[in-house]
Amino acid sequence: MKQIIIAGIFGVAMLLAGCSSKNLNTQEATQNTIYQTLQSKQEWKIHSFKLNNTTEVLTFEKEYPFFIGFKEKGVFGTFGCNNFFGSYDLNNDNLKISNAGMTRKMCEPRIMELESKLTENVLNNENRIEILNDGKILIFRNDFYLLMQ
């Protein structure tokens with residue numbers, strides 16, 4: 001009787017371990033897909049962002065570019081005026097940009113305002129990240145959304 005109970009407990013433990021392993025493999029696959037997608041382009045142009053129910057569609061003027069690039073574990077780009085750089089880490093579908101630094105030049109007030117909003121919500125923060133069906137990338141949390149293409 002003891003052997004049957006022990007065998008039953010062992011069987012349930014193996015079943016639970018198998019389910020846990022399957023979930024872990026799915027999370028690893030998602031993380032690998034996100035990592036490979038981020039690395040697939042030299043620069044991801046920022047199309048738009050939404051903050052507090054206000055959407056800003058960004059133009060791609062040469063003078064004021066908006067883009068983010070990912071290389072190995074480093075991140076770089078510009079939010080319209082100044083260049084930024086730092087490191088990033090992926091944990092499942094969470095993207096954390098940290099150790100960010102930035103140049104400090106003056107630009108048009110409107111561009112500086114957009115840059116400030118993006119800097120506050122993207123750099124030195126943790127956001128969720130999702131690869132959309134059309135290949136675009138969505139970075140988001142609470143009331144902030146950033147769309148890259």
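# A guided tour, starting from C81

Select C81 to begin: at a relative accessible area of 6% this cysteine is buried, a label given to residues under 20% relative accessible area, with exposed meaning over 50% and partly exposed in between (1.4 Å probe, protein chains only). What you have open is a predicted model, in which local features need pLDDT of at least 70 and side-chain atom pairs count only at pLDDT 80 or more, while totals for chains, interfaces and linings use all residues. Residues are numbered from 1 along each chain as its sequence is written, and side-chain values use heavy atoms, with hydrogens and water left out.

**The disulfide**

Add C107 to the selection, since C81 and C107 form a disulfide whose sulfur atoms are 1.8 Å apart; the criterion is a pair of cysteine sulfur atoms within 2.5 Å. The link of C81 and C107 is right-handed, with 80 degrees about the S-S bond. The pair connects distant parts of the chain, 26 residues apart, with C81 in the loop between β4 (74-79) and β5 (83-91) and C107 in the loop between β6 (94-102) and α2 (109-122). These element names follow DSSP runs numbered from the N terminus, helices being H or I runs of at least four residues and strands E runs of at least two. A search of the whole structure finds 1 disulfide.

**The strands β4, β5 and β6**

Next, colour β4 and β5, which run antiparallel and are joined by 5 bridges; two strands are taken to pair if DSSP finds at least two bridges between them. T78 has N83 of β5 as its bridge partner. The two strands form a hairpin with 3 residues between them, and G80 in the turn has a positive phi of about 110 degrees.

Extend the selection to β6, which pairs with β5 in the antiparallel sense over 7 bridges, and where M102 stands opposite F84. In this second hairpin, of β5 and β6, there are 2 residues between the strands, and N92 takes a positive phi near 60 degrees.

Now show the side chains of β5 and look along the strand, where they alternate: F84, G86, Y88 and L90 point to one face and are buried, whereas N83, F85, S87, D89 and N91 point to the other face and are not buried.

**The nonpolar core**

Which residues have the most contacts inside the largest nonpolar core? Select I68, F70, F79, L146 and M148, which hold that place in a core of 31 residues. Such a core is a set of buried Ala, Val, Leu, Ile, Met, Phe, Trp, Tyr and Cys residues joined through side-chain atoms within 4.5 Å. Centre the view on I68, which, leaving aside neighbours within four places in sequence, is in contact (heavy atoms within 4.5 Å) with residues including W44, V75, F79, F84, V122, L146 and M148.

From there move to L118 in helix α2, which is buried with a relative accessible area of 0%. Beyond its neighbours within four places in sequence, L118 is in contact with F49, L58, F66, F79, L123, F144 and L146. A distance drawn from L118 to T78, C-alpha to C-alpha, comes to 9.8 Å, although the two are 40 residues apart in sequence.

**Two buried polar side chains**

Select N127, found in strand β7 (residues 125-131) and counted as buried at 3% relative accessibility. The side chains of N127 and R141 are joined by a polar contact of 2.5 Å; the term covers a pair of N or O atoms within 3.5 Å, where within protein one must be able to donate a hydrogen and the other to accept it, and residues adjacent in sequence count only if both atoms are side-chain atoms. A polar atom of the N127 side chain also lies 3.2 Å from the backbone oxygen of N121.

Then go to E56 in strand β2 (residues 54-57), which is buried with a relative accessible area of 14%. The side chain of E56 makes a polar contact of 2.5 Å with the side chain of R110. Not counting residues up to four places away in sequence, E56 touches H47, S48, F49, R110, L114 and K117.

**Zooming out**

Finally, display the whole protein, which has 2 helices and 9 strands, running α-β-β-β-β-β-β-α-β-β-β from the N terminus on. Of its 149 residues, 33% are buried. Among contacts between residues at least 6 apart in sequence, 47% join residues at least 24 apart.
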